[in-house]
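Visitor: I would like a close look at a single part of this structure. Please take me through one strand and its partners, then show me how that part fits into the rest.

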Amino acid sequence: MWQRFTERSRRAVFFAQEEAGRLGTNYVHTEHLLLGVIREHDTLASRILDRLGVSPDRVRAEIEKKVELADGRLGADMQLTPRAKRVVDLAFDEARLLRNDYIGTEHLLMGLVREREGLAGRVLTTFGVGIEQLRAHVQALQDNDTSPSRSAAAGESRPDDQRAAEVVRRLNEDSNWNGRSLVSLADVSIDQIRSVLDAARLFKALDHNRTPGVTWNYPRTLAMIFEKPSLRTRVSFEAAMAHLGGHAIHLGPNDIGMGSRESASDVALALSRWVDVISARVFKHETVVELAAHATVPVINALSDREHPVQAFADLLTLEERKGPLGKGVKIAYIGDGNNVLHALLLACAKLGVHLSAACPEGYLPDQNYIDLASESARLTGSRIDIGTDPPVAAADADCVYTDVWTSMGQEDEQVARLAVFAPYQVNSVLMARANPDAIVLHCLPAHCGEENSEEVYERHRDGIMDQA
């Protein structure tokens, strides 16, 4: 469902959750949806209300007069009430009537008006806002907006030409990332994570090379250092550069001999003379740190023994596509080895307010430093971070159950011992019964069916795992 929501309408739902929490309730009612829709004054919904002589500030004041502050339980799930779900259904219906293949804030506003019994519908009716008026304004804006670079009045409506131009403009001007390396998510802000997810969502939905009037000042050349073999990392990086009109250069262990034939510092300095960005998939995290310290171009950690930040971005994007806006109420259960994948997830989830509960065997828990960093961020965002050893406890009420291989590259000598230790940590139908009925399963691959996950569970969730890949 959420795939059809524009970035603005997704944010409106996230803002609605925040409004519900601010007003002390554990459920998102229609009035919270309306407050979320009008939170940003430059959305299409807010501008249409302005045209009708109804300022968003007046709407907010009227709602807050009629709502009594409640005493919601801290950290409780922010689920939509039946009436709020009805609003979403009506928004889809309005999009269908207008032959729109997306859901924007204007459709949510029309859904709120059509759902007359909720507080939002009553308030809008009090201000004289009717469904026919709204349809007329939206239709007029769409009829008058035929240029490839869409008008400011309809700026949020479609994830196509105008949306592309806007997001690309922000990327070109984005001081969050320009010229910066990605070594550890410990050094990455919430805004930086959000900008990555927003850009990824856009480029997934967009044939960028066919979009007129869009120029992104992206790096033209990428040097990819691989000390470890790779399928997904190599192909996804190379394909991304090809789609964006750039070029990727693969450098395997025999091409460089980093640390033996040539130092990491010299590799970084030499590559910086030729390429615009460097990615590194390496054994030791210190190698990425050294590359970034000496390179004069950005360095991306494409995997180290300590952390896998780009994997965490893919995980969160998949979770958001399947479960809606991230924040309080969304829970990941991680089952298995407390490795580099879990380290990155701990930091990313804590910074976005996603709950994470991990179950790892004794002796295989995540590094305490990552737990401490995640807990510090969680105190600011409301995320819950729980680390234990009991898989059923971790999986309880989870929206997503995540696992990884029990024996990673470089640990082959430990395989027999690991198989015995991790046997109780398989993600199977018994464990999934502890999670929410609609829970998804994620796996960063390659998967070893019969070990970390049962074949039945893997096959049932393979489609989502391939989206993640």
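Guide: Here is a walk that begins at strand 10 and then moves outward.

First, some ground rules. This is a predicted model, in which local features need pLDDT of at least 70 and side-chain atom pairs count only at pLDDT 80 or more, while totals for chains, interfaces and linings use all residues. Residues are numbered from 1 along each chain as its sequence is written, and side-chain values use heavy atoms, with hydrogens and water left out.

Now the strand. Strand 10 covers residues 400-403. Helices (H or I, at least four residues) and strands (E, at least two) are DSSP runs, numbered from the N terminus. Cys400 and Tyr402 point one way from strand 10. Val401 and Thr403 point the other way. All of these are buried. Buried means under 20% relative accessible area, exposed means over 50%, and partly exposed lies in between (1.4 Å probe, protein chains only).

Next, the partners. Strands of a sheet pair through backbone hydrogen bonds, either parallel or antiparallel. Here, two strands pair if DSSP finds at least two bridges between them. Strand 10 pairs with strand 7 (residues 331-335) in the parallel sense, over four bridges. Opposite threonine 403 stands isoleucine 335. Strand 10 is also joined to strand 11 (residues 440-443) by four bridges, and these two run parallel. There, tyrosine 402 has leucine 442 as its bridge partner.

Follow the chain past strand 11. Arginine 462 belongs to helix 22 (residues 462-468). Its C-alpha atom is 9.2 Å from that of histidine 443, although the two are 19 residues apart along the chain. Arginine 462 counts as partly exposed because its relative accessibility is 36%.

Compare another sheet. Four strands form an open sheet in the order 4-3-5-6, with parallel pairing. Strand 4 (247-251) and strand 6 (299-303) are the edge strands, each pairing on one side only. From one strand to the next, the twist averages 20°. That angle is taken between N-to-C directions, from 0 to 180 degrees, with axes as lines fitted to C-alpha atoms (for helices, over the stretch in contact). Within this sheet, strand 3 (residues 221-226) and strand 5 (residues 277-281) share five bridges in the parallel sense. Alanine 223 faces isoleucine 278 in strand 5.

Now a helix. Helix 7 (residues 119-126) has Leu119, Ala120, Gly121, Val123 and Leu124 as its buried residues. They pack against helix 2 (30-37), helix 3 (44-51), helix 4 (56-66) and helix 6 (105-114). Just after helix 7 comes glycine 128, with a positive phi of about 80°.

Finally, the whole chain. It has 22 helices and eleven strands. Of its 469 residues, 56% count as buried. Contact means heavy atoms within 4.5 Å. Of the contacts with a separation of 6 or more, 73% come from residues 24 or more positions apart.

How far does the predictor trust the model? That is pLDDT, the predictor's confidence in each residue, from 0 to 100. The chain averages 87, and 87% of the residues score at least 70. Over residues 146-160 the pLDDT is below 50, and this stretch has 40 contacts in the model beyond near neighbours in sequence. Residues 208-213 also stay under 50, with 13 contacts beyond four places in sequence.
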